[in-house]
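Trainee: I should be grateful for a close look at one part of this structure, namely a strand and the partners beside it. Please then place that part in the setting of its chain.

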2 protein chains.
Amino acid sequence: MQEALRVVIVGGVACGPKTASRLKRLLPSCEVTMIDKGRQVSYGACGLPYYVEGVFPDVDMLMQTPVGVTRNANFFRKVKGFHTLTRTEAIEIDRQEKTVRVRQLDSGAEEHLPYDRLVLATGSRPIQPPIPGLDLKNVWYMRQPEDAETLVNEIDANGLRKAVLIGAGYIGVEMAEALRRRGLSVTMVEMFDQIMPQFLDPEMAMLAAKHLRQKGVELALGEKVLSIEGNGRVASVRTDKGTIAADLVLVGAGVRPNDELARNAGIACAPKGGILINHYCQTSDPDIYAGGDCVVNHYVDPITRAPLFVPLGSTSNKHGRAIADDIAGRPHPFVGITGTGVCKAFDYTLGRTGLTEKQARELDPEIESVIWAGPDLPHYMPQSKPVVIKMVASRRSRKLLGAQVVGPGVADKRLDVGAASLYFGATVDDVANLDLGYAPPFGPPIDPIATAAHVLANKLEGIAKSVSPLEAKRRIDRGDDFIFLDVRTPDEFRALRLPYDNVIHIPLGALRDKAGALPKDRDILAFCKISMRGYEAQLILNAMGFQRVWFVEGGLVAWPFELAENG
Amino acid sequence: MQEALRVVIVGGVACGPKTASRLKRLLPSCEVTMIDKGRQVSYGACGLPYYVEGVFPDVDMLMQTPVGVTRNANFFRKVKGFHTLTRTEAIEIDRQEKTVRVRQLDSGAEEHLPYDRLVLATGSRPIQPPIPGLDLKNVWYMRQPEDAETLVNEIDANGLRKAVLIGAGYIGVEMAEALRRRGLSVTMVEMFDQIMPQFLDPEMAMLAAKHLRQKGVELALGEKVLSIEGNGRVASVRTDKGTIAADLVLVGAGVRPNDELARNAGIACAPKGGILINHYCQTSDPDIYAGGDCVVNHYVDPITRAPLFVPLGSTSNKHGRAIADDIAGRPHPFVGITGTGVCKAFDYTLGRTGLTEKQARELDPEIESVIWAGPDLPHYMPQSKPVVIKMVASRRSRKLLGAQVVGPGVADKRLDVGAASLYFGATVDDVANLDLGYAPPFGPPIDPIATAAHVLANKLEGIAKSVSPLEAKRRIDRGDDFIFLDVRTPDEFRALRLPYDNVIHIPLGALRDKAGALPKDRDILAFCKISMRGYEAQLILNAMGFQRVWFVEGGLVAWPFELAENG
């Protein structure tokens, strides 16, 4: 009689339980043991900010199935049919003997677990910035349910009021909202001069930052934290620019893959960290698999197949499935990610898929990009709201390289369409031609992502000529001699304007008649609310012999700087 | 000096103005004349039900730009630079002379407009069912702004209360909601035995129908209208099953392409109607283009490139762009559609992309399908709501052939991802591997469309074995000897149940212990709320030697028949 295949899984949060569950479904005969250092397994860590915000009442819901059954060792044994050892740490892998030495953390007892296949799903841990004071009371990371629980308890019990968040990435932005909604003051300190520096290009980040400020979040950008000060507990945060009073500090400075167990066993890892895997999630030892936050992913596109460290629960689940399928003898490759991420920031959705303009330029200098703004629904639908989309493409191949979304309108849908397009190697023309669902409650007849693709295609062909808001602002700041041509209606112009002296206002409908008043020997930057009329103005003026005309991408909606209201 | 290119466009609603505007942007020198029979041009006809519902106050908004400028002849001349002739009908094309004979409808004056390129954007017209009474007062079609305006005026002025809608397609469903929200009683009469027969498979249509009934819409399915009765104005609708009192009738029996102008000029048309075009929207006469509702589209997939008549504003706009690009000497092919449609029905979203199961079976008997139900967000997010997804794929190639969505959860996003996937020829494995945006406010870590793809892949590989709700109900109705195995928790079981005698309740967690009580010689159909646990039950029982186990797809959430509550 054949012996049962023994599979040991190290790590029980996302990739681990997914691998174990799927494997038991495919190969009921195999013996699966999942171990984890923590007391709790299989929790939705991404839900922690929403527990802090008060969106749901009980942090245990993150460890429960939708019908309230806790996903613990008993559940996994009874329902999924595998063994779970909590409070158990993997110390060392013996690849010759095919055993893992594990230690029960409460008793200190050690044993050697034999395996036929080993799965490393060891996750990641928060990066600790090299500053003093991290050991003070009321300094939090946001990784496990108990982090969120103790944070909420301390806020309630001791009336914490002043939060400083170190780092303005995903977790910082989500926690800023959560803490503001709990009534705390919030200051985010970010070393880079924009929020979400790994995630969004500057103009998009500036729009998001404007919204955060409107919601009462203080942003200290381009500011470096030197220390956390306090007597036993946090009292302030000292930066290179000053001191910020604080009774609560949240560190969101990114995460680092837990690859030491693999590294110490001689398994290939990336120099910057992260276990290297193939498309079946096998490591350099074919009997050892790895998935989740501890591995390095690959960008899906065959040309730019760069390694990417993007730790996300969605990807961890895909890894788990690929690992189980391969162990069960039903290999399905997982070809890679497009680096898609999305984040709610108060009333805004922030999202990115593929490469930012900055990342794309490093790979290929021949790229083109555009920022587009417009409504997510037909204008006559009262719930219509703006979305801003940035799109980056290759000049050579017309292939989409990345898309970013920011705004109060429905942006996650457009992001997912962009993500799917990237996965399939779409050109901007493909994106424009997608047959997306159209009805007034869901979108305009030409979807925002398609319109953005149109404008980018028009730029690639030299029909549309434009400058980004940042470029326009740079010209203002340099004192360049040019004209801002506002082609909106008189009513619009009265309500809201660019606050500069070089603005000339000619409504689009009058432009063919009045263009004679404009100079042909100066640069003209045309714009409107979203710059669709700005683009028309460029073409009308071009047809009338004006050569030096561009439109300002995204118009006033995508303008991240100050505007003059009401006169 | 070269003469300006003369372009005449027949039809001014969607494809026409799009062609004209784009063409003037690309080729400012050309002379564009757009003619239309109506008084109004360039209106958003899809918005009419929302005006009737009272979502926005002024029907003129459908003819305005977002800043309230009316898109009329003056606007098109001043802003877009082309000529518009309203109340002008195209009577005849002389392809030798390259002229169109047109008649000014108010004066009766005729002239011959010369063209270098002619564009036919003549749209479609409502199908008039062959029944008496269509000429009575208070019978409406819903095609133009004045239809919606007169309908609303009559309801308000004369207190119309009882609406009968003939046809349960898109327009019927949208108008049912609009009229219910205005307080009218609504009966929909549909010849087929389901709503949206061209659009959804029966199980999906039944779920939608259940919701419509909950919202107070009476459905008379499988019922044929024989006549509309009344003395001058509508009093009732007579069907083959009885008489329905009515003071308002809305006919939504589909539309027919206006291809007569082309047909009479000897331009190739489909036998069933619709002008035939190539990928550049050229007709059989290369100087004559056609686009919008008057043409036949092609399905995008190269294998099933069947002709499709799917008239939609979104596609009309794509045609307009393709036509303008080709005339301007910048050809970009428009390769086809995937037949995507979406529709709001009260709190539900109904959508379809690609082929229904029925359509797919006609092309390929070797298909597989699945119905999946689940939450649109992680269960701990209080705004989480269910979506039901049906997916159809080829057994041979694993290619996705179609997807349908129904439910109160966010379904349009998943539909658009499905539509993009179809456009690119995705397999179900591709759909499962898409790197979609994940954060708790936007979706679960494995998106519903990916989970549906997983289940379908599991079916294709014989791991998951399931029956559709319709098949399970058929077995009940036939009196087959089988067991319904409900594996939900006791609390769930107490609240809501399948109302049949053959239901056995064993919570999933107890199944491994209690399975001994189940017979191995009878079919077992396992289910839970959404049948994820039902699937687990199938696998657990399979591993214990039970061969005759299937799960009921979509569980109670996708069960379109009666349930027993609280009993």
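Mentor: Two strands are said to pair if DSSP finds at least two bridges between them. The model considered here is a predicted one. In it, strand β27 of chain A, residues 482–486, pairs with strand β29 of chain A, residues 503–505, in the parallel sense over 3 bridges. Within this pairing, F484(A) has V503(A) of β29(A) as its bridge partner. Strand β27(A) is also joined by 5 bridges to strand β30 of chain A, residues 523–527, and these two strands likewise run parallel. There, F482(A) stands opposite D523(A) of β30(A).

The setting is a chain whose secondary structure comprises 16 helices and 32 strands. Chain A has a radius of gyration of 27 Å, close to the 24 Å given by the globule rule for 567 residues, so it is as compact as a globular protein of that length. Along the principal axes, its C-alpha atoms fill a box of roughly 90 × 55 × 45 Å. Of its 567 residues, 54% count as buried. Among contacts in chain A between residues at least 6 apart in sequence, 65% join residues at least 24 apart.

Chain A also meets a partner: 74 of its residues are in contact with 74 residues of chain B. Several elements of chain A each supply at least two residues of the side that touches chain B, among them α1 (15–26), β21 (341–345) and α15 (508–514). The largest share of that side, 9 residues, comes from α10(A). By character, the residues of this side of chain A divide into 44 nonpolar, 16 polar and 14 charged.

Terms used: Residues numbered from 1 in each chain as written. Chains lettered and ligands numbered in written order. Predicted model: local features only at pLDDT ≥ 70, side-chain atom pairs only at ≥ 80, totals over all residues. Helix = DSSP H or I, 4+ residues; strand = E, 2+ residues; numbered from the N terminus. Contact = placed C-beta atoms within 7 Å. Nonpolar A, V, L, I, M, F, W, Y, C, P; charged D, E, K, R; others polar. Rg over C-alpha atoms; globule rule 2.2 N^0.38 Å. Buried ≥ 20, exposed ≤ 12 C-beta atoms within 10 Å, placed from the backbone.
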